[in-house]
Amino acid sequence: MTTTAVYDTKPYDYEYLAAAADGKPLRMVFHDFRLGAETARLAEGCGAVCAFVNDQLDRECLKTLAACGVRHVAMRCAGFNNVDLTAARECGLTVTRVPAYSPYAVAEHAAALVLTLNRRIHRAFNRVREQNFSLAGLVGFDLHGKTCGIVGTGKIGRVAAGIFRGFGMRVVAYDPTPQPEWAAAHGVEYLAFDDVLAVSDILSLHLPLTPDTHHLINAATVARLKPGAMVVNTSRGKLIDTTAVIDALKRGHLGGLAIDVYEEEEGMFFEDLSGEVLQDDEFSRLLVFPNVLVTAHQAFLTREALSEIARVTVDNILRGSCGEPFLPNTMLT
Ligand code: NAD
């Protein structure tokens, strides 16, 4: 029986992973703290570890895991920017992930952020609860007839494009690997990246974080955005240079920012810090803009996505333990 140390476990992880592992030859040890160089040695005696988006799988951590006898790192997410794959290979560690679970969960959350921020639903909700029925400051705009720019037309970006088309928007897109047949069938126009920036009223990011896409949204690219445009990020925080967007928000050039991910979210998102003093000044600044909406990396959080993440993660761990080939796109090293 394989023992897997599961790091950064939240109650919903426990519920869905335990259900998926039920009856399988798999023992899971759940830790509520994150995986990093200091906590890696707690996997001693485990054949596998299961990690998430804000665990830090750097070289030191991976070396410690390998020295403890771990052979398999099963990521229970799609992104793997927090794993040093070169070091994993050198340490002889197999790294797997869940390549797709529910693109609908993330794309629908992006749409929820757009609707909430545009129509000020978050502010209206608070006002009505305080019996303040004034509408001052709640004016939004029709999405119908506006232009949405989708950056990255992979699984999530394509679903998001369909949702925004459903609102009657013109949808333009940029992807270095375009899908012309899909675009033609769904009324989406591919444009050069700069042109997407120039014409979009809403710009929604659906691309992975890589060294090339780090700070894709920076002072220069923000300057090319249409004045008053809204930027939506449900992908990875480091795609956006926070300093640059704060500056553009203060000048009124950026009309809105809706983010489910934040550059420095590690150690903050997924935790209850309500009794503590926030140390991140840029994040604190973002929270006081009336035209900024932040959720704490919850776009994936639907029942369907959690079930699928747990099912594929357990399948990966079992395949790893008996040397069976992994399903396509799951194996990273
Ligand atoms: P995917 O691999 O299916 O699609 C990514 C697309 O981005 C690909 O088509 C690729 O060609 C494109 N791309 C790569 N570099 C680009 C660039 N420089 N400019 C424009 N496009 C580029 O991935 P997906 O499943 O659609 O996921 C997209 C991202 O969403 C993931 O990388 C992950 O970071 C994020 N995500 C977030 C959550 C959340 O809970 N917030 C959950 C799942 C995924």
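Is Arg-311 buried, partly exposed or exposed, and what is its relative accessible area? In this predicted model, Arg-311 comes out as partly exposed, with a relative accessible area of 45%. That value lies between the 20% and 50% cut-offs, so Arg-311 gets the middle label.

Arg-311 also has a partner. Its side chain meets that of Glu-308 in a salt bridge, at 2.8 Å from N to O. Both residues sit in helix H12, three residues apart, which is about one turn of the helix. Glu-308 is partly exposed too, with 22% relative accessible area.

Arg-311 turns up again where two helices pack together. Helix H1 (residues 11-21) and helix H12 (residues 303-322) pack at an angle of about 50°, and their axes are 8 Å apart. That angle makes H1 oblique to H12, because it falls between the 35 degrees that limits roughly parallel and the 65 degrees where roughly perpendicular begins. As for handedness, the crossing of H1 and H12 is right-handed. On the H1 side, the contact is made by Tyr-12, Tyr-16, Leu-17, Ala-20 and Ala-21. H12 brings in Arg-303, Leu-306, Ser-307, Ala-310, Arg-311, Thr-313 and Val-314. Sorted by type, the residues of this contact come to eight nonpolar, two polar and two charged.

Back to salt bridges: the structure holds 12 of them, including the Arg-311 and Glu-308 pair already described. Another one links Arg-251 with Asp-247, and here the closest N and O atoms are 3.1 Å apart. These two residues belong to helix H10 (residues 242-251), and because they are four residues apart, about one helical turn separates Arg-251 from Asp-247. How exposed is each partner, Arg-251 and Asp-247? Arg-251 has 54% relative accessibility, so it counts as exposed, the cut-off being over 50%. Asp-247, at 38%, is partly exposed.

A further salt bridge joins Arg-319 and Glu-324, with 3.6 Å between the closest N and O atoms. Is Arg-319 buried or exposed? With 17% relative accessibility, Arg-319 counts as buried, since buried means under 20%. Its partner Glu-324 is partly exposed, with a relative accessible area of 41%. Salt bridges can share partners as well, and in this way Asp-8, Lys-10 and Glu-271 are joined into one network.

Definitions and conventions:
Residues are numbered from 1 along each chain as its sequence is written. This is a predicted model: local features need pLDDT of at least 70, side-chain atom pairs count only at pLDDT 80 or more; totals for chains, interfaces and linings use all residues. Side-chain values use heavy atoms; hydrogens and water are left out. Axes are lines fitted to C-alpha atoms, for helices over the stretch in contact, and angles run from 0 to 180 degrees between N-to-C directions. Angles under 35 degrees count as roughly parallel, over 145 as roughly antiparallel, 65 to 115 as roughly perpendicular and the rest as oblique. A crossing is left-handed if the near helix is turned anticlockwise from the far one by less than a right angle, and right-handed if clockwise. Contact means heavy atoms within 4.5 Å. Ala, Val, Leu, Ile, Met, Phe, Trp, Tyr, Cys and Pro count as nonpolar, Asp, Glu, Lys and Arg as charged, and the others, Gly among them, as polar. A salt bridge is a side-chain nitrogen of Lys or Arg within 4 Å of a carboxyl oxygen of Asp or Glu. Buried means under 20% relative accessible area, exposed over 50%, partly exposed in between (1.4 Å probe, protein chains only).
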